[in-house]
2 protein chains.
Amino acid sequence: MPTHFKGDSGTKRALNAFINLSRASNSVQTRLSAGLDRHGITTSQLGILEALFHLGPMCQRALGDKLLRSGGNITMVIDNLEKHGLVERVRQKDDRRMIMIHLTPKGRKLISRVLPLHAKDVVKEMSRLTASEQEELRRLCRKLGRGGEVNLENEHGNSERKTKEKENDTSSTQ
Amino acid sequence: MPTHFKGDSGTKRALNAFINLSRASNSVQTRLSAGLDRHGITTSQLGILEALFHLGPMCQRALGDKLLRSGGNITMVIDNLEKHGLVERVRQKDDRRMIMIHLTPKGRKLISRVLPLHAKDVVKEMSRLTASEQEELRRLCRKLGRGGEVNLENEHGNSERKTKEKENDTSSTQ
DNA sequence: CATCAATCGTTTAACATCAAACTATCTATA
DNA sequence: TATAGATAGTTTGATGTTAAACGATTGATG
């Protein structure tokens with residue numbers, strides 16, 4: 001009963017690697033979101049606030065692309081942020097399909113206060129690994145990332161430079 | 001604008017490790033759940049079906065402990081499994097608070113068919129890493145697992161044996 | 001100019017998730 | 001025995017998530 005799998009060792013290895021990957025991600029995520037609780041925001045909300053803070057006002061479509069979330073999801077999370085007075089929707093005049101999301105002063109204040117604290121929490125969580133272990137973990141995880149190394153999105157049409165793949169922005173979510 | 005963080009390199013390293021950990025877990029999870037879609041079940045449902053298949057009938061509390069989910073969540077997922085005729089609730093006679101969850105023949109048939117296919121999918125996903133990379137990933141992820149190595153739950157009171165920590169069961173979820 | 005296709009955001013339905021309040025049941029103990 | 005506390009499961013309310021259908025707006029093309 002406690003064996004649970006009668007496959008070859010290669011299968012066991014893959015299953016174990018996957019299970020521990022999932023558990024680690026979930027564990028860290030859960031502990032970090034407890035930290036965010038103290039500031040009254042969720043992980044999803046942090047993602048949006050951080051993007052707005054670092055990149056400036058964006059339309060919902062762009063936020064969805066950046067955070068890898070569906071349009072409907074972005075609508076919902078922004079609804080909640082708006083209820084709390086942290087962002088506001090501004091309908092574009094030139095293209096009335098588009099709505100730019102702006103941080104309110106309250107939202108800007110909050111995110112600029114929370115971000116360093118959250119980063120500190122992340123550092124604390126990851127400090128269970130040494131520096132080189134963190135780099136190794138990153139390297140291994142990258143190989144498991146988005147299917148087939150797509151990267152077919154130049155964000156805002158800077159198609160003249162075939163630059164450095166972007167790959168990482170050192171944001172504190174996702 | 002593209003720098004996004006003006007912290008020391010240790011902070012950057014931790015943030016990058018964390019981001020890539022989350023993304024890897026999410027990516028793999030998303031691709032695997034597309035595979036489960038073909039069998040009409042979700043990841044959560046798979047977790048419960050698999051536990052029942054490997055461990056036999058269990059009460060909801062035990063399932064929640066095993067899968068690290070809240071009681072309310074278990075109730076909901078089992079509701080859906082029951083709707084689909086894959087499990088059934090059996091009220092205990094000796095202790096009427098308790099409800100044992102059983103696989104139906106249909107549920108047993110489904111999970112015994114799906115499990116090997118799902119395992120194969122996991123192997124395929126993880127094959128982006130070599131065998132030793134998988135083992136290294138597992139090792140690193142374990143260090144990030146549940147806070148402080150708690151393990152304060154002997155499941156069903158087998159408190160006489162201080163046995164081998166249990167740690168891993170080679171299941172294909174979680 | 002009219003229409004059609006693309007794009008943006010919203011809504012809906014289904015599932016997941018948690019915490020907290022609640023019901024039912026059991027156990028210990030006074 | 002009666003009552004209080006523990007335990008199992010459900011319900012509720014909030015959030016997040018997707019996919020699909022939908023409405024509004026824009027742009028292109030005949």
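1. Let's begin at the surface near DNA strand C. Here H4(B) gives the most, with 4 residues. Please keep in mind as you read that this is a predicted model. Helix H4 (71-83) of chain B is joined by helix H2 (43-55) of chain B, and by helix H3 (60-67) and helix H4 (71-83) of chain A, and each of these helices supplies at least two residues of this surface. Both protein chains therefore have a part in the surface near DNA strand C, as the list of helices shows.

2. Which residues come nearest to DNA strand C? There are 24 residues around the strand, and A:Arg61, A:Thr75, B:Thr42, B:Ser44 and B:Ser70 come nearest. Sorted by class, the residues of this surface are 6 nonpolar, 10 polar and 8 charged. Look at the DNA side as well: of the atoms of DNA strand C within 4 Å of the protein, 79% belong to sugar or phosphate, and the rest belong to bases.

3. Some individual atom pairs are worth finding in the viewer. B:Ser70 has a polar backbone atom 2.8 Å from a phosphate oxygen of DNA strand C. For A:Ile99, a backbone N or O atom lies 3.2 Å from a phosphate oxygen of DNA strand C. With A:Arg89 the side chain takes part: one of its polar atoms lies 3.3 Å from a phosphate oxygen of this strand.

4. Now turn to DNA strand D, which has 25 residues around it. Those that come nearest are A:Thr42, A:Ser44, A:Asn80, B:Arg61 and B:Thr75. The surface near DNA strand D has 6 nonpolar, 11 polar and 8 charged residues. On the DNA side, 81% of the atoms of strand D within 4 Å of the protein belong to sugar or phosphate, with the rest in bases.

5. Which atoms meet at DNA strand D? A backbone N or O atom of B:Arg61 lies 2.7 Å from a phosphate oxygen of the strand, and a backbone N or O atom of A:Ser70 lies 2.8 Å from a phosphate oxygen. B:Arg97 offers a contact with a base: an N or O atom in its side chain is 3.4 Å from a base oxygen of DNA strand D. The elements that give two or more residues to this surface are helix H2 (43-55) and H4 of chain A, together with helix H3 (60-67) and H4 of chain B. H4(A) gives the most, with 5 residues.

6. Step back to see chain A as a whole. It has 6 helices and 3 strands, and from the N terminus on, its elements run α-α-β-α-α-β-β-α-α. Of its 174 residues, 43% count as buried.

7. The strands of chain A are a good place to practise reading pairings. Strand S3 (residues 99-103) pairs with strand S2 (residues 87-91) in the antiparallel sense over 5 bridges, and A:Val90 has A:Met100 as its bridge partner in S3(A). S3(A) also pairs with strand S1 (residues 58-59), again antiparallel, over 2 bridges; there, A:Met58 has A:Ile101 as its partner. S3(A) is mostly covered, with 4 of its 5 residues buried.

8. In chain B, 3 strands form an open sheet in the order S1-S3-S2, with antiparallel pairing. Strand S1 (58-59) and strand S2 (87-91) are the edge strands, each pairing on one side only.

9. Is A:Thr104 buried or exposed? A:Thr104 counts as buried because its relative accessible area is 11%, and the cut-off for buried is under 20%. A:Thr104 sits in the loop between S3 and H5 of chain A. Leaving aside neighbours within four places in sequence, A:Thr104 is in contact with A:Gly85, A:Leu86, A:Val87 and A:Glu88. A polar atom of its side chain lies 3.0 Å from the backbone nitrogen of A:Gly107.

10. Finally, look at the largest nonpolar core, which has 32 residues. Met126, Leu137 and Leu144 of chain A and Met126, Leu137 and Leu144 of chain B have the most contacts inside it. Helices H1 (9-37), H5 (105-126) and H6 (131-143) of both chain A and chain B each supply at least two residues of this core. Among the residues that B:Leu137 touches are A:Ala17, A:Leu21 and A:Leu137 in the other chain, and B:Met126 and B:Leu129 in its own. In soluble globular proteins, nonpolar side chains tend to be buried together.

Notes: Residues are numbered from 1 along each chain as its sequence is written. Chains are lettered from A and ligands numbered from 1 in the order in which they are written. This is a predicted model: local features need pLDDT of at least 70, side-chain atom pairs count only at pLDDT 80 or more; totals for chains, interfaces and linings use all residues. Side-chain values use heavy atoms; hydrogens and water are left out. A nonpolar core is a set of buried Ala, Val, Leu, Ile, Met, Phe, Trp, Tyr and Cys residues joined through side-chain atoms within 4.5 Å. Buried means under 20% relative accessible area, exposed over 50%, partly exposed in between (1.4 Å probe, protein chains only). Contact means heavy atoms within 4.5 Å. A residue is near a molecule or strand if one of its heavy atoms lies within 4 Å of it. A polar contact is a pair of N or O atoms within 3.5 Å; within protein, one must be able to donate a hydrogen and the other to accept it, and residues adjacent in sequence count only if both atoms are side-chain atoms. Ala, Val, Leu, Ile, Met, Phe, Trp, Tyr, Cys and Pro count as nonpolar, Asp, Glu, Lys and Arg as charged, and the others, Gly among them, as polar. Two strands pair if DSSP finds at least two bridges between them.
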